[in-house]
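Student: Could we go through this one together?

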Amino acid sequence: MIQICRIKAYEIGLKYRNNRLVDVLSEGRHLVRFTDQVDVYDMTERFTPRQPLEILLGYPLLAERLQMVEVGEQQLALQFDNGQLTDVLKYGQYAFWKGVVSRAFQLVDIGSYVIDAAVDARLFQHASLMAFIREFRVEAYEKAVLLVDGKYAQILEAGVYRYWRNQQSIELRRLDMRMLQMEIPGQEMLTKDKATLRMNGHIQYKVQDIYRAVMENKDFEKQLYVQVQMAFRALVGALSLDELLEKKGELSEMMLQDIQREGDVLGLTILSCGVKDIILPGEMRDIMNQVLMAEKKAQANVIMRREETASTRSLLNTAKLMEENEMLWKLKEMEYIERISEKINQLNLSGGSLLSEQLKELFLTKK
C-alpha cells in the first residue's frame, strides 16, 4: 500500500526500508510505502540521525547535502550562523545541512592555556563560550605571578586575563603594590644593663620585586615580621635604659639601615620604621618616677637658693642706701606701716593730747 509524505519548506526527509537508507526526500509531496519509514529533519538545525553518521555518509546523495565538521580532542569549534556565534562544539563529528543557513566554523586549539589572538575578544562574553574560559582580574594597584601546573609562567600587570579551561592548572598569586604598613606589637626585651621593657613599633614598605617576594621566599610578610623583631631586639640589647630613652628619636634611623638590607632579600623596599612606645614595667616605672622627682627637687632647691641669694643681696644694697639717707629710712618705715594698716580692721586710740605728739615723733624727721 502507498501513502503520501509531505516535506515542508526547509525540511528534508530520509526514507528507510528495512532499516536501510534508500532515498532522500526534498520539499514536496512524495508517495511512499506503508512499510517505509521517513525521518523528517529541520534543515536549519544540526543533523542528528538515528543511525551512525559514518554509515549514512556512504550514501552519496545524502553526503553531498551535508557540511561536516571534525573537532579534535584538544580543539573547540566555534559555530557562526549568518556571522553570529551560536554554539561551541567539543570533541566529535558533526553534520549540518547545506544551503539554508550560511554557516562557518572556526577551529581553536585548547591544548595550551593561552587563547590564540585569532579568537575575537568580543566573543568571550557569549554564554556558550564562557563555560570553556577561565577569567582572572588583576586590580589597578596589584601585580600577579602566573603559575601554570605549579611552575612560574609570567608576571601579570593590572588587567583582565582569560585562559582556556583545560587540563592545565592555573593559579594567580596577587600582591598589593601600594605602600603597606605592618604593626609590631609589644615585645619584651632586655637592655644592655638588663632592664626589662616592652616596645611597640611599625614599619612601612612596598613590594619592589614580585618574583623574588613570591617565588624565592615563602610567606615574605612573616619573614619581614621576624626580621623587624630581631632588629628591635638587637638595637635594644646594645643600649642601656638611659641611652635608649635619650635616643628614642634616633632609633628609627638606626633600625632602618638594618631592616632595609633584609627587605632587599625579600624583594621589598622599606620606606620607614619607627618606635611608637617604650613601656616600662610597674616597678621600673615607679623607680624612674622617683628619680625624676629627686632630680626636679634638686633643681628646685638650686633655684630657691639662687633666688634667696639674690634677695639677700638686694636687701643689703637697700640697707646701705637707708643708712646713708635718713629720709629714705622714714619712707621705708612709712611703707611698712601702710602695709600693716591695710590688715587692721579696727583702730582704738588712747592717750589724749599726747597722741598727736607721738605721731609727730613717728612721722616727722628730726633736724
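**Helices and loops**

Student: What does Asp242 count as by relative accessibility?
Tutor: Asp242 counts as partly exposed, because its relative accessibility is 47%. Buried would be under 20% relative accessible area and exposed over 50%, with partly exposed in between (1.4 Å probe, protein chains only). Keep in mind that this is a predicted model, where local features need pLDDT of at least 70, side-chain atom pairs count only at pLDDT 80 or more, and totals for chains, interfaces and linings use all residues. Residues are numbered from 1 along each chain as its sequence is written, and side-chain values use heavy atoms, without hydrogens or water.

Student: And where does Asp242 lie?
Tutor: In helix α6, residues 241-246. Helices (H or I, at least four residues) and strands (E, at least two) are DSSP runs, numbered from the N terminus.

Student: What about α5, how far apart are its end C-alpha atoms?
Tutor: They are 26 Å apart, which agrees with the 26 Å expected for the 18 residues of α5 (220-237) at 1.5 Å a residue. That expected span is 1.5 Å times one less than the number of residues.

Student: Which residues of α5 are buried?
Tutor: Phe220, Leu224, Val228, Gln229, Ala231, Phe232, Leu235 and Val236.

Student: Switching to loops: what is the phi of Asn82?
Tutor: Positive, about 55°, although Asn82 is not a glycine. Most residues other than glycine have a negative phi. Asn82 is in the loop between β7 (75-81) and β8 (84-89), and it is exposed, with a relative accessible area of 54%.

Student: Where is Asp149 found?
Tutor: In the loop between β12 (142-148) and β13 (151-156). Asp149 has a positive phi of about 55° too, and is not a glycine. At 43% relative accessibility, Asp149 counts as partly exposed.
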